[in-house]
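Dear colleague,

Please find below the structure that I am handing over to you. My notes on it follow directly after.

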Amino acid sequence: ARLTTTAGGGYANFPEGTPREVRARYLLYDPLAAVLTATARRPQTVLDVLAPPLPGPYLNTLGPSGKNYRDQEQFFQVDGSLWEWVSARTQRSGTACLEALTAAVASASTLRYKPTAPRTNPYEAQAAWLTEQAVVTLAGTDTTTWTPTARRTTAVILANSVGDIENTASGIDYAGSNQLFYLSLPASWSEHHNKELTALLREALRDDTALTILSKAAMIFITHRLATDAFRIPPGTSTGNTPTRILNDLDENARLYGYVYTACVTGRGVGEDEASPAAGVVLAALDQGPEPVPAPGTPWRPPATPAQATQATTTSGSSLTREQLGNEVITRLYLKAISVLETGHLIPQDAYTLEDGRPAHDWITLGDDGAWHLDWDRAVSNPRGLETWFQRTRTSQGLSPVNARGDIAFAFTSGTWVARHFDPRSGPGIPPGQTVLALLLTAATARLVYGYSHTYQRRAQRHWQHRRARQRRRQERRRHQH
(Lines give C-alpha, C1' and ligand atoms only; values in the text may rest on other atoms or scores of the structure.)
Protein backbone atom coordinates (compact mmCIF):
# COMPACT_ATOMS: atom_id res chain seq x y z
CA ALA A 1 0.00 0.00 0.00
CA ARG A 2 1.18 3.49 -0.76
CA LEU A 3 1.93 5.85 2.15
CA THR A 4 -1.24 7.81 1.63
CA THR A 5 -3.62 8.08 4.53
CA THR A 6 -7.22 8.94 5.08
CA ALA A 7 -8.26 11.85 7.28
CA GLY A 8 -8.86 9.45 10.13
CA GLY A 9 -5.42 7.84 9.84
CA GLY A 10 -4.45 4.58 8.19
CA TYR A 11 -3.45 3.19 4.82
CA ALA A 12 -5.65 3.69 1.78
CA ASN A 13 -5.55 2.73 -1.93
CA PHE A 14 -4.61 -0.93 -1.45
CA PRO A 15 -3.49 -2.76 -4.62
CA GLU A 16 -6.08 -4.96 -6.31
CA GLY A 17 -6.27 -8.45 -4.90
CA THR A 18 -5.15 -7.47 -1.38
CA PRO A 19 -6.74 -9.99 1.02
CA ARG A 20 -9.55 -8.67 3.23
CA GLU A 21 -7.73 -9.57 6.46
CA VAL A 22 -4.69 -7.52 5.36
CA ARG A 23 -6.96 -4.56 4.57
CA ALA A 24 -8.60 -4.86 7.99
CA ARG A 25 -5.27 -5.05 9.78
CA TYR A 26 -3.69 -2.02 8.12
CA LEU A 27 -6.71 0.18 7.55
CA LEU A 28 -6.45 1.60 11.07
CA TYR A 29 -2.65 1.63 11.16
CA ASP A 30 -1.23 5.17 11.24
CA PRO A 31 2.17 5.50 9.54
CA LEU A 32 2.80 8.84 11.29
CA ALA A 33 4.63 7.11 14.14
CA ALA A 34 7.00 5.42 11.67
CA VAL A 35 7.63 8.70 9.82
CA LEU A 36 8.40 10.59 13.06
CA THR A 37 10.67 7.78 14.25
CA ALA A 38 12.61 7.93 11.00
CA THR A 39 13.06 11.71 11.19
CA ALA A 40 14.30 11.45 14.80
CA ARG A 41 17.49 9.83 13.57
CA ARG A 42 18.76 13.27 12.50
CA PRO A 43 17.78 16.33 14.56
CA GLN A 44 18.26 18.56 11.54
CA THR A 45 15.67 16.53 9.64
CA VAL A 46 13.14 16.94 12.45
CA LEU A 47 13.51 20.71 12.31
CA ASP A 48 13.44 20.83 8.52
CA VAL A 49 10.13 18.92 8.59
CA LEU A 50 8.35 20.24 11.67
CA ALA A 51 9.82 23.75 12.00
CA PRO A 52 10.94 24.96 8.57
CA PRO A 53 12.00 28.62 8.56
CA LEU A 54 10.14 31.15 6.44
CA PRO A 55 12.04 33.74 4.39
CA GLY A 56 11.54 37.45 4.80
CA PRO A 57 11.19 39.83 7.74
CA TYR A 58 9.17 39.13 10.84
CA LEU A 59 5.46 39.91 10.44
CA ASN A 60 3.17 40.37 13.40
CA THR A 61 0.26 39.07 11.32
CA LEU A 62 1.70 35.55 11.31
CA GLY A 63 0.15 34.70 14.67
CA PRO A 64 1.35 31.77 16.81
CA SER A 65 3.04 30.01 13.92
CA GLY A 66 5.56 32.82 13.51
CA LYS A 67 7.25 33.70 16.78
CA ASN A 68 9.84 36.43 17.13
CA TYR A 69 12.84 35.29 19.16
CA ARG A 70 13.95 38.63 20.57
CA ASP A 71 17.48 37.59 21.48
CA GLN A 72 18.33 36.86 17.87
CA GLU A 73 20.15 39.47 15.82
CA GLN A 74 17.66 38.97 13.04
CA PHE A 75 13.97 38.29 13.40
CA PHE A 76 13.01 34.70 12.88
CA GLN A 77 9.78 33.07 11.85
CA VAL A 78 8.65 29.48 11.38
CA ASP A 79 6.01 27.78 9.28
CA GLY A 80 4.16 25.97 12.03
CA SER A 81 1.33 24.57 9.94
CA LEU A 82 2.72 21.02 9.71
CA TRP A 83 3.55 20.99 13.43
CA GLU A 84 -0.02 21.99 14.27
CA TRP A 85 -1.36 19.17 12.10
CA VAL A 86 1.08 16.56 13.45
CA SER A 87 0.58 17.50 17.09
CA ALA A 88 -3.21 17.52 16.76
CA ARG A 89 -3.18 14.15 15.02
CA THR A 90 -0.81 12.69 17.61
CA GLN A 91 -3.26 13.43 20.39
CA ARG A 92 -5.90 11.40 18.55
CA SER A 93 -3.65 8.51 17.55
CA GLY A 94 -2.64 6.92 20.84
CA THR A 95 0.58 6.00 22.59
CA ALA A 96 2.72 5.00 19.59
CA CYS A 97 2.44 8.43 17.98
CA LEU A 98 3.04 10.20 21.29
CA GLU A 99 6.24 8.23 21.86
CA ALA A 100 7.40 8.96 18.31
CA LEU A 101 6.60 12.68 18.57
CA THR A 102 8.42 13.13 21.88
CA ALA A 103 11.41 11.20 20.50
CA ALA A 104 11.54 13.47 17.45
CA VAL A 105 11.41 16.67 19.51
CA ALA A 106 13.95 15.25 21.96
CA SER A 107 16.29 14.70 19.04
CA ALA A 108 15.76 18.27 17.83
CA SER A 109 16.39 19.64 21.32
CA THR A 110 20.03 18.52 21.10
CA LEU A 111 20.56 21.47 18.74
CA ARG A 112 19.73 24.01 21.45
CA TYR A 113 23.12 25.69 21.70
CA LYS A 114 24.80 28.82 20.43
CA PRO A 115 27.20 28.41 17.51
CA THR A 116 30.81 28.84 18.59
CA ALA A 117 33.68 28.63 16.13
CA PRO A 118 34.50 26.30 14.55
CA ARG A 119 31.13 24.65 15.25
CA THR A 120 28.14 26.21 13.51
CA ASN A 121 24.47 25.76 14.34
CA PRO A 122 21.94 27.37 11.99
CA TYR A 123 19.14 25.47 13.78
CA GLU A 124 19.40 27.19 17.18
CA ALA A 125 16.25 29.33 16.90
CA GLN A 126 14.24 26.56 15.21
CA ALA A 127 15.08 24.17 18.06
CA ALA A 128 13.93 26.76 20.60
CA TRP A 129 10.68 27.26 18.71
CA LEU A 130 9.92 23.54 18.41
CA THR A 131 10.65 22.70 22.05
CA GLU A 132 8.45 25.60 23.13
CA GLN A 133 5.55 24.40 21.00
CA ALA A 134 6.05 20.83 22.21
CA VAL A 135 5.86 21.83 25.88
CA VAL A 136 2.61 23.70 25.33
CA THR A 137 1.12 20.82 23.32
CA LEU A 138 2.28 17.99 25.58
CA ALA A 139 1.00 19.76 28.69
CA GLY A 140 -2.52 19.29 27.32
CA THR A 141 -2.14 15.65 26.30
CA ASP A 142 -4.59 13.14 27.75
CA THR A 143 -2.96 11.55 30.80
CA THR A 144 -4.13 8.08 29.76
CA THR A 145 -1.92 8.29 26.66
CA TRP A 146 1.36 8.66 28.53
CA THR A 147 3.84 5.78 28.74
CA PRO A 148 7.23 5.49 30.49
CA THR A 149 8.96 5.90 27.12
CA ALA A 150 7.08 9.11 26.34
CA ARG A 151 7.84 10.52 29.80
CA ARG A 152 11.56 9.78 29.43
CA THR A 153 11.94 11.36 26.01
CA THR A 154 9.94 14.34 27.25
CA ALA A 155 12.45 14.64 30.09
CA VAL A 156 15.21 14.97 27.48
CA ILE A 157 13.30 17.89 25.92
CA LEU A 158 12.94 19.51 29.34
CA ALA A 159 16.57 18.87 30.29
CA ASN A 160 17.78 20.63 27.15
CA SER A 161 15.43 23.51 28.03
CA VAL A 162 16.70 23.84 31.61
CA GLY A 163 17.35 27.56 31.16
CA ASP A 164 13.68 28.10 30.33
CA ILE A 165 12.71 26.04 33.38
CA GLU A 166 14.81 28.36 35.51
CA ASN A 167 13.00 31.32 33.97
CA THR A 168 9.82 29.99 35.55
CA ALA A 169 11.43 28.89 38.82
CA SER A 170 13.16 32.23 39.42
CA GLY A 171 10.82 34.59 37.59
CA ILE A 172 13.66 35.88 35.42
CA ASP A 173 14.12 36.21 31.68
CA TYR A 174 17.65 35.20 30.76
CA ALA A 175 17.24 36.43 27.19
CA GLY A 176 17.37 40.01 28.47
CA SER A 177 20.33 39.47 30.82
CA ASN A 178 23.87 40.68 30.14
CA GLN A 179 25.47 38.23 32.58
CA LEU A 180 28.22 36.19 31.01
CA PHE A 181 26.63 32.83 31.83
CA TYR A 182 23.21 33.74 30.46
CA LEU A 183 24.81 35.11 27.31
CA SER A 184 26.27 31.64 26.70
CA LEU A 185 22.83 29.98 26.72
CA PRO A 186 20.89 29.34 23.49
CA ALA A 187 17.89 31.30 22.26
CA SER A 188 15.16 31.16 24.88
CA TRP A 189 11.47 30.54 24.35
CA SER A 190 9.54 33.55 23.11
CA GLU A 191 7.56 33.76 26.36
CA HIS A 192 7.07 32.03 29.70
CA HIS A 193 4.66 29.07 29.81
CA ASN A 194 4.52 28.69 33.57
CA LYS A 195 1.31 26.69 33.94
CA GLU A 196 1.97 24.46 30.94
CA LEU A 197 5.55 23.77 32.03
CA THR A 198 4.51 22.94 35.59
CA ALA A 199 1.76 20.62 34.33
CA LEU A 200 4.20 18.84 32.02
CA LEU A 201 6.78 18.42 34.78
CA ARG A 202 4.15 16.85 37.00
CA GLU A 203 3.28 14.34 34.30
CA ALA A 204 6.74 13.51 32.93
CA LEU A 205 8.48 13.21 36.30
CA ARG A 206 6.22 10.42 37.47
CA ASP A 207 8.88 8.20 35.92
CA ASP A 208 12.13 7.68 37.85
CA THR A 209 14.33 7.69 34.74
CA ALA A 210 12.78 10.97 33.63
CA LEU A 211 13.50 12.45 37.07
CA THR A 212 17.11 11.25 36.87
CA ILE A 213 17.61 12.86 33.45
CA LEU A 214 16.36 16.23 34.61
CA SER A 215 18.21 16.09 37.96
CA LYS A 216 21.51 15.47 36.17
CA ALA A 217 20.81 18.28 33.71
CA ALA A 218 20.15 20.69 36.57
CA MET A 219 23.51 19.86 38.16
CA ILE A 220 25.33 20.35 34.83
CA PHE A 221 23.55 23.70 34.46
CA ILE A 222 24.58 24.66 38.01
CA THR A 223 28.21 23.63 37.49
CA HIS A 224 28.49 25.62 34.28
CA ARG A 225 27.08 28.75 35.92
CA LEU A 226 29.40 28.49 38.93
CA ALA A 227 32.43 27.88 36.72
CA THR A 228 31.59 30.82 34.46
CA ASP A 229 31.51 33.15 37.46
CA ALA A 230 34.57 31.64 39.17
CA PHE A 231 36.83 31.70 36.12
CA ARG A 232 36.32 35.42 35.66
CA ILE A 233 38.88 35.75 38.49
CA PRO A 234 42.52 35.21 37.41
CA PRO A 235 44.10 32.25 39.29
CA GLY A 236 46.31 33.19 42.20
CA THR A 237 44.80 36.64 42.69
CA SER A 238 43.04 37.85 45.83
CA THR A 239 39.63 36.22 46.00
CA GLY A 240 38.04 39.16 47.78
CA ASN A 241 34.36 38.36 48.07
CA THR A 242 34.36 35.84 45.22
CA PRO A 243 33.21 32.95 47.45
CA THR A 244 30.24 35.05 48.55
CA ARG A 245 29.30 35.73 44.95
CA ILE A 246 29.64 32.04 44.07
CA LEU A 247 27.48 31.04 47.04
CA ASN A 248 24.89 33.63 46.01
CA ASP A 249 24.60 31.72 42.72
CA LEU A 250 23.47 28.71 44.74
CA ASP A 251 20.28 30.50 45.70
CA GLU A 252 19.03 30.34 42.11
CA ASN A 253 20.20 26.75 41.79
CA ALA A 254 18.38 25.66 44.94
CA ARG A 255 15.23 27.40 43.75
CA LEU A 256 15.44 25.39 40.52
CA TYR A 257 15.63 22.10 42.44
CA GLY A 258 12.81 23.13 44.78
CA TYR A 259 10.56 23.94 41.83
CA VAL A 260 11.29 20.77 39.86
CA TYR A 261 11.03 18.40 42.82
CA THR A 262 7.78 19.91 44.09
CA ALA A 263 6.24 19.59 40.63
CA CYS A 264 7.44 15.97 40.59
CA VAL A 265 5.95 14.88 43.92
CA THR A 266 2.75 16.82 43.27
CA GLY A 267 2.32 14.79 40.09
CA ARG A 268 2.90 11.62 42.10
CA GLY A 269 0.24 12.60 44.63
CA VAL A 270 2.68 13.01 47.53
CA GLY A 271 1.53 15.29 50.34
CA GLU A 272 3.52 18.31 51.48
CA ASP A 273 4.98 16.65 54.60
CA GLU A 274 5.09 13.08 53.28
CA ALA A 275 8.30 11.21 52.51
CA SER A 276 8.80 10.03 48.93
CA PRO A 277 11.24 7.60 47.28
CA ALA A 278 11.53 10.18 44.48
CA ALA A 279 13.94 11.99 46.81
CA GLY A 280 16.20 8.94 46.63
CA VAL A 281 16.21 9.18 42.83
CA VAL A 282 17.32 12.82 42.98
CA LEU A 283 20.07 12.04 45.50
CA ALA A 284 21.30 9.07 43.45
CA ALA A 285 21.55 11.33 40.38
CA LEU A 286 23.55 13.89 42.37
CA ASP A 287 25.80 11.30 44.01
CA GLN A 288 26.89 9.49 40.87
CA GLY A 289 30.02 11.62 41.06
CA PRO A 290 30.75 15.31 40.78
CA GLU A 291 30.03 16.78 37.38
CA PRO A 292 33.42 17.79 35.88
CA VAL A 293 34.04 21.51 36.16
CA PRO A 294 34.23 22.89 32.61
CA ALA A 295 37.43 24.59 31.56
CA PRO A 296 37.39 28.38 31.18
CA GLY A 297 35.57 29.42 28.01
CA THR A 298 33.86 26.05 27.51
CA PRO A 299 30.66 26.71 25.52
CA TRP A 300 27.27 25.53 26.76
CA ARG A 301 26.02 22.33 25.19
CA PRO A 302 22.70 20.51 25.73
CA PRO A 303 23.08 18.30 28.82
CA ALA A 304 20.86 15.39 27.71
CA THR A 305 20.69 13.00 24.76
CA PRO A 306 17.89 10.68 23.60
CA ALA A 307 20.09 7.71 24.53
CA GLN A 308 19.67 8.60 28.21
CA ALA A 309 15.98 7.74 27.96
CA THR A 310 16.93 4.06 27.60
CA GLN A 311 19.40 3.89 30.49
CA ALA A 312 18.65 2.22 33.80
CA THR A 313 17.90 4.36 36.83
CA THR A 314 19.55 3.98 40.21
CA THR A 315 18.16 5.13 43.54
CA SER A 316 19.77 5.75 46.90
CA GLY A 317 16.94 3.85 48.60
CA SER A 318 16.13 6.93 50.67
CA SER A 319 12.57 8.08 51.20
CA LEU A 320 12.71 11.68 52.40
CA THR A 321 10.36 14.57 53.01
CA ARG A 322 10.72 17.71 50.95
CA GLU A 323 12.49 19.48 53.81
CA GLN A 324 14.92 16.60 54.30
CA LEU A 325 15.72 16.49 50.60
CA GLY A 326 16.26 20.25 50.66
CA ASN A 327 18.95 19.83 53.32
CA GLU A 328 20.66 17.10 51.28
CA VAL A 329 20.55 19.19 48.11
CA ILE A 330 22.00 22.18 49.97
CA THR A 331 24.97 20.10 51.12
CA ARG A 332 25.69 18.97 47.57
CA LEU A 333 25.32 22.47 46.16
CA TYR A 334 27.66 23.75 48.85
CA LEU A 335 30.24 21.11 47.96
CA LYS A 336 29.83 21.88 44.26
CA ALA A 337 30.57 25.57 44.90
CA ILE A 338 33.68 24.65 46.87
CA SER A 339 34.85 22.24 44.15
CA VAL A 340 34.50 25.00 41.55
CA LEU A 341 36.47 27.42 43.75
CA GLU A 342 39.04 24.67 44.24
CA THR A 343 39.34 24.02 40.50
CA GLY A 344 39.81 27.74 39.91
CA HIS A 345 42.58 27.79 42.59
CA LEU A 346 40.57 30.34 44.54
CA ILE A 347 41.03 28.62 47.92
CA PRO A 348 44.51 29.05 49.45
CA GLN A 349 46.40 25.78 49.92
CA ASP A 350 47.15 26.56 53.56
CA ALA A 351 43.40 26.49 54.25
CA TYR A 352 43.47 22.70 53.75
CA THR A 353 45.98 21.98 56.51
CA LEU A 354 46.60 22.59 60.19
CA GLU A 355 49.61 24.48 61.50
CA ASP A 356 51.67 21.26 61.65
CA GLY A 357 50.94 20.53 57.97
CA ARG A 358 48.45 17.72 58.53
CA PRO A 359 45.11 17.85 56.60
CA ALA A 360 42.40 19.69 58.51
CA HIS A 361 39.89 16.83 57.91
CA ASP A 362 40.04 13.23 56.81
CA TRP A 363 38.22 14.14 53.59
CA ILE A 364 41.10 16.39 52.51
CA THR A 365 43.67 14.45 50.48
CA LEU A 366 46.94 15.20 48.70
CA GLY A 367 46.57 14.73 44.95
CA ASP A 368 49.05 13.50 42.36
CA ASP A 369 49.61 17.13 41.37
CA GLY A 370 51.03 17.87 44.80
CA ALA A 371 48.04 20.01 45.79
CA TRP A 372 45.40 19.44 48.46
CA HIS A 373 41.89 18.52 47.32
CA LEU A 374 38.52 17.51 48.75
CA ASP A 375 37.34 13.91 48.55
CA TRP A 376 33.75 14.29 47.27
CA ASP A 377 32.33 11.03 48.65
CA ARG A 378 33.73 11.53 52.14
CA ALA A 379 33.06 15.27 52.37
CA VAL A 380 29.38 14.92 51.43
CA SER A 381 28.87 12.63 54.44
CA ASN A 382 30.07 15.38 56.78
CA PRO A 383 28.06 18.46 55.77
CA ARG A 384 28.52 20.37 59.01
CA GLY A 385 32.26 19.78 59.04
CA LEU A 386 32.46 20.92 55.44
CA GLU A 387 30.59 24.13 56.20
CA THR A 388 32.68 24.84 59.31
CA TRP A 389 35.89 24.32 57.35
CA PHE A 390 34.80 26.67 54.59
CA GLN A 391 33.78 29.36 57.08
CA ARG A 392 37.21 29.08 58.67
CA THR A 393 38.93 29.53 55.30
CA ARG A 394 37.02 32.80 54.91
CA THR A 395 37.80 34.19 58.36
CA SER A 396 41.49 33.32 57.94
CA GLN A 397 41.50 35.65 54.92
CA GLY A 398 39.81 38.43 56.87
CA LEU A 399 36.42 37.84 55.23
CA SER A 400 33.14 37.63 57.11
CA PRO A 401 31.34 34.28 57.41
CA VAL A 402 28.35 33.76 55.16
CA ASN A 403 24.92 32.51 56.14
CA ALA A 404 24.89 30.32 53.03
CA ARG A 405 22.88 27.40 54.37
CA GLY A 406 20.02 29.60 55.58
CA ASP A 407 19.83 31.58 52.35
CA ILE A 408 19.99 28.48 50.15
CA ALA A 409 17.34 26.72 52.25
CA PHE A 410 15.02 29.68 51.81
CA ALA A 411 15.62 29.65 48.04
CA PHE A 412 14.76 25.92 47.87
CA THR A 413 11.52 26.62 49.74
CA SER A 414 10.64 29.52 47.46
CA GLY A 415 10.98 27.13 44.50
CA THR A 416 8.31 24.93 46.07
CA TRP A 417 6.01 27.97 46.32
CA VAL A 418 6.41 28.60 42.59
CA ALA A 419 5.42 25.02 41.74
CA ARG A 420 2.34 25.25 43.94
CA HIS A 421 1.32 28.61 42.53
CA PHE A 422 1.37 27.40 38.93
CA ASP A 423 -0.61 24.26 39.75
CA PRO A 424 -3.84 24.60 37.69
CA ARG A 425 -5.68 23.29 40.71
CA SER A 426 -5.82 25.35 43.87
CA GLY A 427 -2.49 24.93 45.64
CA PRO A 428 -2.28 22.74 48.75
CA GLY A 429 -3.73 24.59 51.70
CA ILE A 430 -4.91 27.57 49.62
CA PRO A 431 -8.69 27.75 49.35
CA PRO A 432 -10.16 28.77 45.97
CA GLY A 433 -10.38 32.54 45.59
CA GLN A 434 -7.54 33.22 48.04
CA THR A 435 -4.60 32.48 45.75
CA VAL A 436 -3.85 36.16 45.13
CA LEU A 437 -3.86 36.90 48.86
CA ALA A 438 -1.56 33.94 49.51
CA LEU A 439 0.87 35.14 46.84
CA LEU A 440 0.94 38.65 48.29
CA LEU A 441 1.71 37.26 51.74
CA THR A 442 4.38 34.97 50.26
CA ALA A 443 6.02 37.88 48.43
CA ALA A 444 5.96 40.01 51.57
CA THR A 445 7.53 37.21 53.61
CA ALA A 446 10.20 36.62 50.97
CA ARG A 447 11.04 40.30 50.91
CA LEU A 448 11.26 40.45 54.70
CA VAL A 449 13.57 37.42 54.91
CA TYR A 450 15.66 38.66 52.00
CA GLY A 451 16.08 42.07 53.61
CA TYR A 452 16.91 40.57 56.99
CA SER A 453 19.49 38.19 55.56
CA HIS A 454 21.31 41.01 53.77
CA THR A 455 21.14 43.25 56.83
CA TYR A 456 22.68 40.38 58.78
CA GLN A 457 25.40 40.01 56.16
CA ARG A 458 26.29 43.71 56.32
CA ARG A 459 26.39 43.69 60.13
CA ALA A 460 28.49 40.53 60.15
CA GLN A 461 30.87 42.04 57.61
CA ARG A 462 31.37 45.15 59.76
CA HIS A 463 31.78 43.01 62.90
CA TRP A 464 34.51 40.89 61.37
CA GLN A 465 36.28 43.91 59.90
CA HIS A 466 36.39 45.53 63.35
CA ARG A 467 37.54 42.26 64.93
CA ARG A 468 40.37 41.88 62.43
CA ALA A 469 41.38 45.49 63.01
CA ARG A 470 41.54 44.89 66.77
CA GLN A 471 43.62 41.76 66.22
CA ARG A 472 46.08 43.71 64.04
CA ARG A 473 46.35 46.46 66.66
CA ARG A 474 47.07 43.92 69.42
CA GLN A 475 49.74 42.29 67.24
CA GLU A 476 51.34 45.67 66.60
CA ARG A 477 51.43 46.45 70.33
CA ARG A 478 53.05 43.09 71.11
CA ARG A 479 55.76 43.70 68.48
CA HIS A 480 56.53 47.13 69.94
CA GLN A 481 56.72 45.70 73.48
CA HIS A 482 59.27 43.10 72.41
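The protein chain contains 18 helices and two strands. Please bear in mind that this is a predicted model. Of the 482 residues in the protein chain, 49% are buried. Among the contacts with a separation of 6 or more, 74% are between residues 24 or more positions apart. The accessible surface amounts to about 23,100 Å², and carbon and sulfur atoms hold 53% of that area.

Helices α3, α4 and α5

I begin with helix α3, which spans residues 43-50. Its buried residues are P43, V46, L47 and L50. Viewed down the axis of α3, these buried residues fall within an arc of 90°, so they line one face of the helix. Their cover includes α2 (32-39), α4, α5 and α6 (124-139).

Two of the helices just named, α4 and α5, also pack against each other, as the residues in contact show. In general, two packed helices are described by the angle between their axes and the distance between the axes. For α4 (residues 81-93) and α5 (residues 95-109), the axes come within 7 Å and cross at roughly 140°. The crossing of α4 and α5 is left-handed. On the α4 side the contact is made by W83, V86, S87, T90 and S93, and on the α5 side by T95, C97, L98, L101 and V105. By type, the residues of this contact comprise six nonpolar, four polar and no charged.

Helix α10

Helix α10 covers residues 194-204 and is mostly covered, with nine of its eleven residues buried. The buried residues of α10 are N194, L197, T198, A199, L200, L201, R202, E203 and A204. The charged residues R202 and E203 are thus listed among the buried residues of this helix.

Helix α13

Helix α13 runs over residues 278-286, and A278 lies in it. A278 is buried, with a relative accessible area of 0%; the cut-off for buried is under 20%. Leaving out residues up to four places away in sequence, A278 touches L211, Y261, C264, V265 and R268. For one of these, Y261, which is 17 residues apart from A278 along the chain, the C-alpha atoms of the pair are separated by 8.4 Å.

A279 also lies in helix α13. A279 is buried as well, and its relative accessible area is 0%. Not counting neighbours within four places in sequence, A279 is in contact with Y261, S318, L320 and L325. Y261 therefore appears in the contact lists of both A278 and A279, given that contact means heavy atoms within 4.5 Å. The C-alpha atoms of A279 and L211 are separated by 9.8 Å, with the two residues 68 apart along the chain.

The loop after β2

Lastly, D375 is found in the loop between β2 (372-374) and α15 (376-379). Is D375 buried or partly exposed? At 24% relative accessibility, D375 counts as partly exposed, because the cut-off for buried is under 20% and that for exposed is over 50%. Apart from residues up to four places away in sequence, D375 touches W363 and T365. The C-alpha atoms of D375 and S339 lie 9.7 Å apart, and these two residues are 36 residues apart along the chain.

With kind regards

Terms used: Residues numbered from 1 in each chain as written. Predicted model: local features only at pLDDT ≥ 70, side-chain atom pairs only at ≥ 80, totals over all residues. Heavy atoms only, no water. Buried < 20%, exposed > 50% of the residue type's maximum accessible area, 1.4 Å probe, protein only. Helix = DSSP H or I, 4+ residues; strand = E, 2+ residues; numbered from the N terminus. Areas by Shrake-Rupley, 256 points an atom, 1.4 Å probe, with all protein chains shown as cover. Axes fitted to C-alpha atoms, helices over the stretch in contact; angles between N-to-C directions. Left-handed = near helix turned anticlockwise from the far one by under 90°. Arc of directions from axis to C-beta.
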